[in-house]
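This report describes the fold of a single model, beginning with the chain as a whole and moving on to its sheets, helices and cores.

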Amino acid sequence: MNQLDILIPFALPPAELARDLLRQCQAPALAMLLGRGKAVARQAHDPFSRALPHEHWLARRFGLPPAAQDCSPAAASALMQRLGHAPSAGHWFVLHPAHIHVARDHLVLTDIGQLQLEEDESRRLFDAALPLFTEIGHELVYGDARTWFIRADAWAGLRTSTPSAASGRNVDIWMPEGPGELAWRKLQNEVQMQWFAESLNEQREMRGQKAINSIWIWGGANAGVLAQDIYTERFGLRGWLRAFGQERIDGGAAQLVRGSGHRLLVLDALAEAALAEEWGLWLQHLEHLDRDWLAPLLVSLRAASLESLNLILSGADRSLEVTVTRGALRRFWHKPSLAGLSA
């Protein structure tokens, strides 16, 4: 078996923009795969879900405990393990240093992936915040510059949102609810006040970077809740997706057809533009993905180097799964088309 799952978050643009965007898009390989492939799943998602469709898909695929639509995936313990920590007990959450800015009448969370937070900066912020956690009996663990962890056994059941689900939106809608809600808000406020006086943020703003003025919590899981190892190889797992395996250094599409087994490739280049609603940039990135990844893989499928491709495409409130085999590519009466991205 030589099968490849390709997950492309944010490949499905908002319905109200899709027709105009796709009219401008030049992605012939994707059009061929969608036009000749078979749609095996098409699903609408709650736009107010506390995780995005691709995040729910990954959590299910890797066997994390089922999360209700109103809670983020239980990823904390699995991610801790990948970052060199293996908690033996307790209930843990993921923490991200974050930037929240003031809009006209509400607060908005900035995409944490764009904060350019360096290791030394994160360590300084961690050390400044640590006494606030230890004073109230919460263990705080440093994972990497963007990722910390808090143990909060009494907060099990706290309903939290992934940062991607909340990015660019009114944070009031996405704040945690349930056990520990008030205690979390108090702690978050204290950290915000502590960091307000940090000279580090003044230095960042002088360089044109956003201040790190808050923290974001999500991903509550009991110690020992780990992801299942269902793929022979995984590529493109960055950020919190490392909970599902170490990121592989790869040589592009060519490496993906040299091995065998069932493998996963995550192409996340559309995320930044989609979260910022920069749709011109989104078009550019989609065309680059088509040229650099999908076109070579389409050639490999035609040459039987791959047995099948499974495309998992998602947006903010829907997902589409399409399976493409070598035989399906011979169905010349099926026109290449990007229409599936707007359906």
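## Overall chain

Among contacts in the chain between residues at least 6 apart in sequence, 75% join residues at least 24 apart. The model is a predicted one. It contains 11 helices and 12 strands. The radius of gyration is 21 Å, close to the 20 Å that the globule rule gives for 343 residues, so the chain is as compact as a globular protein of that length.

Taken along the principal axes, the box filled by the C-alpha atoms is roughly 65 × 45 × 35 Å. Of the 343 residues, 53% count as buried. The chain exposes about 15,300 Å², and 51% of this area is supplied by carbon and sulfur atoms.

## The six-stranded sheet

One open sheet is formed by six strands in the order 2-12-11-1-10-9, with mixed pairing. Its edges are strand 2 (38-44) and strand 9 (233-235); each has a single partner strand, so one side of each is left without a neighbour in the sheet. With direction ignored, neighbouring strands of this sheet are turned by 15° against each other on average.

Within this sheet, strand 1 (residues 2-8) pairs with strand 11 (residues 308-314) in the parallel sense, over six bridges. Asp5 has Asn310 of strand 11 as its bridge partner.

## Helices on the six-stranded sheet

Helix 2 (residues 28-36) lies across strand 2, strand 11 and strand 12 (318-325). Its direction is at about 100° to strand 11. Helix 3 (residues 53-61) lies across strand 1, strand 10 (261-266), strand 11 and strand 12. Helix 3 runs at about 145° to strand 1. Strand 11 and strand 12 are thus crossed by helix 2 and also by helix 3.

## The four-stranded sheet

Another open sheet has four strands in the order 6-7-3-8, and its pairing is antiparallel. Strand 6 (140-144) and strand 8 (214-222) are the edge strands, each pairing on one side only. From one strand to the next, the twist averages 25°.

Strand 6 pairs with strand 7 (residues 147-151) in the antiparallel sense over four bridges. Val141 stands opposite Phe149 of strand 7.

## Helices on the four-stranded sheet

Helix 5 (residues 119-134) lies across strand 3 (91-98), strand 6, strand 7 and strand 8. The angle between helix 5 and strand 6 is about 170°. Helix 8 (residues 181-196) lies across strand 3, strand 7 and strand 8, and runs at about 140° to strand 8.

## Nonpolar cores

The largest nonpolar core has 65 residues. Phe133, Trp155, Trp195, Trp216 and Phe244 have the most contacts inside this core. Helix 5 gives the most to the core, with six residues. Apart from this core lies another, of 48 residues, which includes Ile6, Leu283, Leu309 and Leu320.

Which residues does Trp216 contact, leaving aside its neighbours within four places in sequence? Among them are Val94, Leu95, His96 and Ala98, positions that fall within the 91-98 range of strand 3. Trp216 is also in contact with Leu109, Ser161, Thr162, Pro163, Ala166, Val171, Trp174 and Met175.

Technical notes:
Residues numbered from 1 in each chain as written. Predicted model: local features only at pLDDT ≥ 70, side-chain atom pairs only at ≥ 80, totals over all residues. Heavy atoms only, no water. Pairing = 2+ DSSP bridges. Helix = DSSP H or I, 4+ residues; strand = E, 2+ residues; numbered from the N terminus. Axes fitted to C-alpha atoms, helices over the stretch in contact; angles between N-to-C directions. Contact = heavy atoms within 4.5 Å. Rg over C-alpha atoms; globule rule 2.2 N^0.38 Å. Buried < 20%, exposed > 50% of the residue type's maximum accessible area, 1.4 Å probe, protein only. Areas by Shrake-Rupley, 256 points an atom, 1.4 Å probe, with all protein chains shown as cover. Core = buried A, V, L, I, M, F, W, Y, C linked by side-chain atoms within 4.5 Å.
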